[in-house]
Amino acid sequence: MATFKFYSINSIKAFLKEPIWYNSFIAKLLPSCHTIMLFGVVCTKRSELRDKDKNHEFIHCVQYKEVAVLVLLIFAVLWTLGICPLWHGTLTSILSYYSIYCIEYVIDVIIQFFYNLFQKHDLRDTGHQSYRCLAFEEEAYDKQSDLNYLKYRKPYAFLKYYGTVIKKS
């Protein structure tokens, strides 16, 4: 028999303030990472997170919302011009962050592969280097220790990290 867990208003407010699912079965499905941001919610295998890790993931939450809002606004304009239905924009805005993330990752893997092949003559860690060179990840890693960063962060701050594909170790 299924049991339902009822949440109080305070627990819902706390979740909206800090959207983290601890001991998440979703995170447990991913063997290569312990914490991931999915659609604005942080899922972690752990029972608690360090402030630095929370900040890292909350930076991703803000990035996700910024990209989704921008894409939705673009599709709203296209809808008003009669070019496409608005539901296309809704669906696209939900997935746009991950589309950009994946496209950038593939491009970075190709660039890192050739850089490592011809400059370093060592292809190990090409995937990890590419992951760390993503604009979304660069901002999150760069600012994760600054726990006040989200208070003064400018909108679309991740854009300044584009063009820094190859990092020298």
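Three exercises with worked solutions follow, all on a predicted model.

**Exercise 1.** Determine which residues are joined by the salt bridges that involve Asp53, and state how far each of them is buried or exposed.

*Solution.* Begin with Arg46, whose side chain meets that of Asp53 in a salt bridge with an N to O distance of 3.8 Å. Next take Arg50, which also forms a salt bridge with Asp53, the closest N and O atoms being 3.1 Å apart. Turning to accessibility, Asp53 has a relative accessible area of 12% and is therefore buried, since the cut-off is under 20%. Arg46, at 34%, counts as partly exposed, whereas Arg50, at 51%, counts as exposed.

**Exercise 2.** Explain what the salt bridge between Glu66 and Arg153 ties together.

*Solution.* The closest N and O atoms of this pair are 2.5 Å apart. Glu66 belongs to helix H3 and Arg153 to the segment after helix H7 (149-152), so the salt bridge ties together parts that are 87 residues apart in sequence. Both Glu66 and Arg153 are buried.

**Exercise 3.** Describe the setting of Thr44 in strand E3, and then the largest pocket.

*Solution.* Thr44 lies in strand E3, residues 41-44, and at 0% relative accessibility counts as buried. The side chain of Thr44 makes a polar contact of 2.9 Å with the side chain of Thr35. The largest pocket holds about 650 Å³ of space, and Thr35 is, together with Cys33, Tyr101, Tyr131 and Glu137, among the closest to its centre of the 20 lining residues. Helix H4 gives the most to this lining, with 5 residues, and by class the lining has 11 nonpolar, 6 polar and 3 charged residues.

Methods
Residues numbered from 1 in each chain as written. Predicted model: local features only at pLDDT ≥ 70, side-chain atom pairs only at ≥ 80, totals over all residues. Heavy atoms only, no water. 1 Å grid on protein atoms, 1.4 Å probe; cavity = no way out; pocket = protein on both sides within 12 Å on 5 of 7 lines; lining within 4 Å. Points joined across faces, edges and corners; volume = space filled by probe spheres on them. Helix = DSSP H or I, 4+ residues; strand = E, 2+ residues; numbered from the N terminus. Nonpolar A, V, L, I, M, F, W, Y, C, P; charged D, E, K, R; others polar. Buried < 20%, exposed > 50% of the residue type's maximum accessible area, 1.4 Å probe, protein only. Polar contact = N/O pair within 3.5 Å; in protein donor to acceptor, adjacent residues only side chain to side chain. Salt bridge = Lys/Arg side-chain N within 4 Å of Asp/Glu carboxyl O.
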